[in-house]
Structure formats: C-alpha cells, structure tokens
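Here is a walk through one protein model, taken a piece at a time. Keep the picture open while you read.

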Amino acid sequence: MPRKNQTLGEFIIENQSEFKYSSGELSRLINSIRLAAKVVNHQVNKAGLVDVLGAAGDTNIQGEDQQKLDVIANETFINTLKNREIVCGIASEENDDFITIEGHNDDHQNKYVVLMDPLDGSSNIDVNVSVGTIFSVYRRITPSGTPVKLEDFLQPGRNQVAAGYIIYGTSTMLVYTTGHGVNGFTLNPAIGTFYLSHPDMKFPENGTIYSVNEGNYTHFPQGVKNYIKFCQEEKDDRPYTSRYIGSLVSDIHRNMIKGGIYMYPKSSLNSNGKLRLLYECNPMAYIVEQAGGKASDGYTPIMDLEPKELHERVPFFCGSKKMVEKAESFM
Ligand code: AHG
Ligand code: MN
Ligand code: MN
C-alpha cells in the first residue's frame, strides 16, 4: 500500500514485486528516470537566468556553446538511461531515428525500450510557465541478443509496462504508473528527494474544464466545433471553464486533479493534429486510464492504435471519462 510521505526510493523497492517480470530492472529504470528528473529540474530552474548565464546559441564564459534546454534534457535522459544495463533503445522527439544501446559487452541483452518527449511545452520556458517530460516504457519484442529494431518502438500503447511525466511547475512532481494505479511524488528541492504526495491519483469521472487551443476553432471539424459550443452553452453545469496553458503535461495534470477534458483535434491546418502518438499521447493515455479517465482520437482508444512511424501524430481527446465520451458522441 502506498504510504503518504514515503520517498520514491522506498516506494520503488516496496512495490517491485508487483511487476510482471520482477527482476528489478524496471525498478532500476524508474530510478534512473528519477535521477535524470532531478538534473533536468535543476537546469529548468536556472532557465530564468539565461540573460545572466547566456542564451542558447551563445558561447559561455568557458568558451562552451550554450545549449537549448530541450537538447540538454534530451541528453540528460539519454545518458542516464544508457549507462545502465536496462535499456536497449531510446526514441525521442529530439532525434529523427531511435538510438540503439548495445549494452554490456555489446551483447544487446537489455530488455526495455524508452520513448520520450524530454521537454514538453518548451516554448513556455521563455515566459516562466510550467514544462514537463513525458516517458513511455515497453519490453522489446525482438529477441534479446540482437540489435533493437523499429518494431520494438512501434508497439500499441496497450503494451506499455510503465509511463509517466515530470512536471517542472511551482513544485516539481514525478507522476507515473506501472499498471497498478497512478502515484504522484513531489520533489523537496532542498534535499533532492521525491516524496509520495498524491497516492493513487484518480481522474474525476466528470468535470467542468475544457482545454483546447480555440485559436484554431475555424479550422476544426464540425463535430469538434459543436462540442466546443456545447461546453459554452448555458445549461446544467455549463458553461464549462476554459483553461489552456499550451503545455500538455500541465494541462492534463491540472485536469486530472480538478476534472476536465484536453483536446488537440485534427484541423484544416494539421490533418492529424499536433501531438505525437508514441511519446505524448500513449504515455498520457496509459496514466489517464490508470487513473480512471479516458483517452481517444475521437473514435478509438489511443492505446489501441497501431503505430506506423516513430513521429506520427494523432488527434487527442483525453480526460474525465464522461467528458471524453460526450466529446466522442459529437464526432
Ligand atoms: P513540444 O514543446 O514538445 O513541441 O510540445 C508542445 C505541445 C504541447 O505541450 C502543447 O499541448 C501543444 O504543443 C500546444 O500546441 P499549440 O500551441 O498548437 O496549442
Ligand atoms: Mn511535446
Ligand atoms: Mn518536446
């Protein structure tokens, strides 16, 4: 049983036995994500000092080139994950192709693949608004002992063994699932320890917040327009409140606590929406479903989609179960 205020380290050890293949590797993987999260948190917190320390593209006082935060976050997660005998491949928003990790003695024995958006909502960094990291974990399906292949990454979301996000907000939190509910841990930055602050998170079954970039309204399909009008109509518990940060992790985190729906529909501008199936929608869908919410492309549950390519985009409707079902009925 999760106990409030226990540390993430304690929690990982105590819950290791619930994993299907309990060899300790998935626990070590979560542990390395915990470590990378702290490093990235430190970098994100310094971002406001950019005028003092030098902007991306500049050369700093030591003659080193300053890097963009999404590149730093990407490298931090890759380096942390690859130096352990757990992960055989990583796919990231920041890399065109997946990365192969040979492992110990180049024997390709590592079992897990990780897909990630190392810094989501990164345009918000410049204006001091919350950003996040999203990750998704699968067991490889090709035989171990051979290099990882594209098909190891193109698995439907249902095959995920873990997924989570880190939100670098007013507090930094790590929220994740391994298929036994969702737990949220808050970082105490003074001592660098995550504590269980949100045990067994539950998405409210219904809500009154809708989150969508309404600037794209005229380009949305008629069904989406009608659903937005429904949200705004004065009837029963409506009109709903509109809340849109433009940072997927933050928008979904808020809605998971308060109850709401997040939408990134297709439009005449983007035929499949904007969000990426493999490292944005699938991990969020896994977390949201584990918390009792729902995620779909408007018709099909996100995790039932068969991925075709690494960076493919899908329309995304995600949040309180009743709200997503209502939105689907308009499509
Ligand atoms: P990223 O910073 O990883 O490219 O993702 C940004 C995403 C997501 O966080 C957010 O919900 C969405 O883009 C916002 O898009 P719009 O500005 O088109 O609304
Ligand atoms: Mn993103
Ligand atoms: Mn990103």
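A polar contact, as the term is used here, is a pair of N or O atoms within 3.5 Å. Hold on to that cut-off, and keep in mind that what you see is a predicted model.

Let's begin with ligand 1. An N or O atom in the side chain of Tyr264 is 2.5 Å from an oxygen atom of this ligand, so the pair falls within the 3.5 Å of a polar contact. Two other tyrosines can be looked at in the same way. Tyr244 has a polar side-chain atom lying 2.5 Å from an oxygen atom of ligand 1, and for Tyr262 the distance from a side-chain N or O atom to an oxygen atom of the ligand is 2.7 Å. There are 15 residues around ligand 1, and these three tyrosines, together with Gly121 and Asn213, come nearest.

Now for the metals. Which residues hold the manganese ion that is ligand 2? Its protein donors are Asp117, Asp120 and Glu280, at 1.9 to 2.2 Å, with the two aspartates giving OD atoms and the glutamate an OE atom. Written as a sequence pattern, the spacing of these donors is D-x2-D-x159-E. So what does that long gap look like in the fold? Asp120 sits in strand S3 and Glu280 in helix H8, which covers residues 277-290, so this pair links distant parts of the chain, 160 residues apart. Asp120 and Glu280 are both buried. A second manganese ion, ligand 3, is 3.7 Å from ligand 2, and Asp117 coordinates both ions.

Some of these names come back when you turn to the open spaces. The second largest pocket has a volume of about 340 Å³. It is lined by 21 residues, and the closest to its centre are Asp120, Gly121, Gly246, Lys274 and Glu280. Strand S3, residues 112-120, and strand S11, residues 260-264, each bring at least two residues to this lining, and S3 gives the most, with 3 residues. Sorted by character, the lining has 9 charged, 6 polar and 6 nonpolar residues.

There is also a closed space to find. How many cavities of 30 Å³ or more turn up in a search of the whole structure? The search finds 1. About 80 Å³ of space lies in the largest cavity. Its lining has 12 residues, with Phe11, Asn15, Glu18, Tyr176 and Thr178 nearest the centre. Helix H1 (8-14) and strand S6 (172-177) are the elements that give two or more residues to this lining. Here the residues divide into 7 polar, 4 nonpolar and 1 charged.

Finally, a few spots in the backbone deserve a look. Where does the chain make a cis peptide bond? Go from Arg238 to Pro239, where omega is near 5°. Pro239 is in the loop between helix H6 (222-232) and strand S10 (241-242). Then look at Asn5, in the segment before H1. Asn5 is not a glycine, yet its phi is positive, near 80°. Is Asn5 buried or exposed? With a relative accessible area of 56%, Asn5 is exposed. Asp200 also has a positive phi without being a glycine, at about 50°. You will find Asp200 in the loop between strand S8 (193-198) and strand S9 (209-211), where it is partly exposed, with a relative accessible area of 40%.

Terms used: Residues numbered from 1 in each chain as written. Chains lettered and ligands numbered in written order. Predicted model: local features only at pLDDT ≥ 70, side-chain atom pairs only at ≥ 80, totals over all residues. Heavy atoms only, no water. 1 Å grid on protein atoms, 1.4 Å probe; cavity = no way out; pocket = protein on both sides within 12 Å on 5 of 7 lines; lining within 4 Å. Points joined across faces, edges and corners; volume = space filled by probe spheres on them. Helix = DSSP H or I, 4+ residues; strand = E, 2+ residues; numbered from the N terminus. Nonpolar A, V, L, I, M, F, W, Y, C, P; charged D, E, K, R; others polar. Donors = N, O, S within 2.8 Å, 3.2 Å for Na, K, Ca; no water. Buried < 20%, exposed > 50% of the residue type's maximum accessible area, 1.4 Å probe, protein only. Near = heavy atom within 4 Å. Polar contact = N/O pair within 3.5 Å; in protein donor to acceptor, adjacent residues only side chain to side chain.
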